Amino acid sequence: MNATFAMKAGGKLEPIIPRRSKTPKSHTPDDGGGDRCMHSPHRSRRRRRPKNPITVDTCKAKSSLEVVRLALKELGWSWKEVPYGRKSGCDIYWHSAYFHDSDEPGLYNAKVNKFPGMVEIVRKVSLTRIMGQMRNLFPDEYDFYPRSWILPDQYHHFAAEVASMAKETPKQKRFFIVKPDDGAQGEGIYLLNNPQSITSIGMVRSAVVQEYISNPLLVERKKFDLRIYVVLTSLDPLKFYLCKEGMARFCTEQYQAPSMKNLHHTYMHLTNYSLNKHSDNFIHADNVAKGSKRTMTSMWALLQEKGVDISQLCKDIEKVICKTILALIPELKVQMHAELSSGKSMPSCFQILGLDILLSSDLKPYLLEINANPSYRLDYDHEVAPGVYENLISPVDEEIKIPLVKDTLRLVKPVRRITTKSASISARPNSTDPDEITVEVSQLDLDENKSPRHRKQKESCLEELFPAKYGEQYEFVRILERIAFLFNHFLGVRGGLRMGATGFRTFTRRCKLCTFGLSTASVDILFIDMVRKWNAMNPDGISGLCFDGFVEAFSVIAYRKFRGITLQEKVVSLLDLCECHLNAGIVWPPQRRPRVRRLPRVQDSNEYLKVRKQMQGLEN
Ligand code: ADP
């Protein structure tokens with residue numbers, strides 16, 4: 001590759017080279033661009049640019065700009081990039097890291113690629129809390145997230161558990177990994193085997209300490225993890241997709257079980273690309289099945305050769321993904337409710353999430369973390385001489401990220417009103433010609449009649465996981481969504497995220513909770529206790545009870561009122577009771593109307609049975 005170099009501050013040479021040495025291979029425009037003449041009945045006629053292409057505003061796309069641009073190029077002429085925004089608005093807005101709450105005129109009627117609050121929800125501390133709540137309710141289902149403690153709040157708890165583990169199994173060596181809450185790309189991470197080794201990251205800077213999975217599956221004697229992409233397209237009804245292609249990221253030093261000698265070997269224990277790319281052993285291969293970064297499907301082929309049951313492994317991973325996304329939804333609904341009730345209108349949101357999964361040697365998938373803003377970089381800098389870099393395209397990134405973005409755009413694109421007249425299709429919405437029929441067609445439908453080759457190009461890399469594949473199987477884990485609904489309902493403060501004392505009291509009164517085993521005074525004390533506990537953990541100066549605190553208060557009430565076997569049963573019983581009482585008093589939005597559920601296994605809830613009978617009477 002030809003490259004010229006510019007001297008940068010500090011004497012470092014920076015290349016001024018064409019960024020792309022080649023156009024993406026196998027990706028060709030799929031709505032008639034390059035090969036239109038071969039399939040069009042009107043070979044000689046040039047296809048005109050549609051009058052109303054689907055517009056994508058990329059002015060805030062930043063580091064994802066290149067991949068969006070390439071995806072749009074492949075999508076062809078019925079799509080248009082709007083790089084500087086426009087007054088009349090666009091169909092889709094592509095933001096870089098965060099949901100940008102802006103005054104853009106068209107934003108609120110459009111689709112935006114970020115959910116408000118998602119970045120905060122998937123941060124390490126918040127994710128650990130969410131997974132902790134789910135594990136309390138469903139201990140067997142949520143054992144895929146390594147046991148974790150929040151630092152510094154849960155330091156003593158962590159130290160006590162480590163001591164008791166050491167007593168129980170003195171011979172077993174246990175290691176832990178500390179990860180700063182606001183860290184990314186391996187920054188600030190370290191391993192330890194003794195709680196006393198926790199440094200300022202953990203004691204001063206908020207962090208998570210997690211059980212270290214010390215028996216990872218190795219390939220070529222190296223540890224690797226998987227970056228898996230999930231596209232969340234709607235909250236109500238809940239819908240998400242899995243990208244069939246993902247990325248395996250390898251360590252650059254051969255793996256050894258953790259010991260005091262190798263704890264600090266980052267290239268052995270951390271799979272982050274951002275760290276390992278600095279290693280001399282990092283291999284940027286042209287082949288997507290070789291090197292330090294590979295496609296997930298190439299890994300499946302390799303593991304299959306070694307006798308791994310890939311279809312079972314994929315199923316196990318899909319289940320972990322489903323349960324993970326379902327765990328995030330209640331918090332996300334609380335965030336969305338706050339945005340909506342603040343009086344603002346909300347655009348319809350979608351988001352690509354990057355899930356990092358580690359496989360253990362016995363093929364159990366573990367969730368390590370979730371990225372709300374996974375990297376969309378397609379290129380890398382290759383050092384050709386000391387301080388001299390060449391900018392090259394990574395075939396693996398290209399193979400995964402362009403189809404991912406392209407198929408996500410196709411998935412969320414708006415349905416257009418198209419006016420058809422005989423064989424031709426034109427966009428003339430205001431026509432009064434009686435021969436013209438106006439139909440609602442998505443662009444996908446328009447392309448149905450094209451050649452098999454076109455149809456193959458249209459095959460999506462995204463597969464609907466929920467509800468299509470796992471909707472029925474995992475409906476039962478959606479308990480916290482019901483609690484989130486109660487929280488939102490009694491929140492009181494428009495646009496707020498904290499419930500006040502009055503809201504909490506109203507909740508217990510309207511749900512008639514103070515009648516059996518719970519006095520009004522104990523409700524007040526519970527509220528104060530929970531506010532104190534949770535505000536100490538989130539010292540942001542905002543008063544009131546956060547959603548996590550409400551969930552804990554709800555569990556405490558369930559514990560006191562019901563005598564089920566598990567916490568899950570008690571919580572479901574309490575939810576049924578609350579919903580029964582509320583159902584009698586309020587007009588529910590159709591999608592949230594509580595369903596009548598089976599009677600819980602409780603012996604002492606005369607109150608519940610009384611209400612239930614009343615409700616059944618009402619329903620009959
Ligand atoms: P970051 O956001 O900084 O990348 P991660 O949670 O992804 O933080 O951790 C970085 C790397 O550390 C992971 O890619 C993985 O290789 C390793 N790692 C993280 N947690 C664990 C764990 N519990 N057990 C084993 N390895 C882990």
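A polar contact is a pair of N or O atoms within 3.5 Å. With that in mind, the ligand site of this predicted model makes a good starting point. Here a backbone N or O atom of Gly186 lies 2.7 Å from an oxygen atom of the ligand, which places the pair inside the 3.5 Å cut-off, and the pair therefore counts as a polar contact. Next to this come two further contacts of the kind. A polar backbone atom of Gln185 is found 3.3 Å from an oxygen atom of the ligand, while Asp225 brings a polar side-chain atom to 3.2 Å from a ligand oxygen. The ligand would expose 540 Å² if taken alone, and the protein buries 98% of that area.

Turning to the surroundings, 22 residues lie around the ligand, and those that come nearest are Lys179, Gly186, Thr271, Asn272 and Glu369. By character, the shell divides into 9 nonpolar, 6 polar and 7 charged residues. Several strands help to build it: S8, S11 (207–211), S13 (222–234), S18 (351–359) and S19 (365–371) each supply at least two residues of the shell.

Strand S8 covers residues 176–180 and includes Pro180. This proline is buried, its relative accessible area being 0%. Among the residues that Pro180 touches beyond four places in sequence are Glu187, Gly188, Ile189, Ile201 and Arg205, along with Ser206 and Ala207. Lys124 is another of these contacts. Although Lys124 and Pro180 stand 56 residues apart along the chain, their C-alpha atoms are separated by 7.7 Å.

Key
Residues are numbered from 1 along each chain as its sequence is written. This is a predicted model: local features need pLDDT of at least 70, side-chain atom pairs count only at pLDDT 80 or more; totals for chains, interfaces and linings use all residues. Side-chain values use heavy atoms; hydrogens and water are left out. Helices (H or I, at least four residues) and strands (E, at least two) are DSSP runs, numbered from the N terminus. Buried means under 20% relative accessible area, exposed over 50%, partly exposed in between (1.4 Å probe, protein chains only). Contact means heavy atoms within 4.5 Å. A residue is near a molecule or strand if one of its heavy atoms lies within 4 Å of it. A polar contact is a pair of N or O atoms within 3.5 Å; within protein, one must be able to donate a hydrogen and the other to accept it, and residues adjacent in sequence count only if both atoms are side-chain atoms. Accessible areas come from the Shrake-Rupley method with a 1.4 Å probe; for residues, only the protein chains shown count as cover. Ala, Val, Leu, Ile, Met, Phe, Trp, Tyr, Cys and Pro count as nonpolar, Asp, Glu, Lys and Arg as charged, and the others, Gly among them, as polar.
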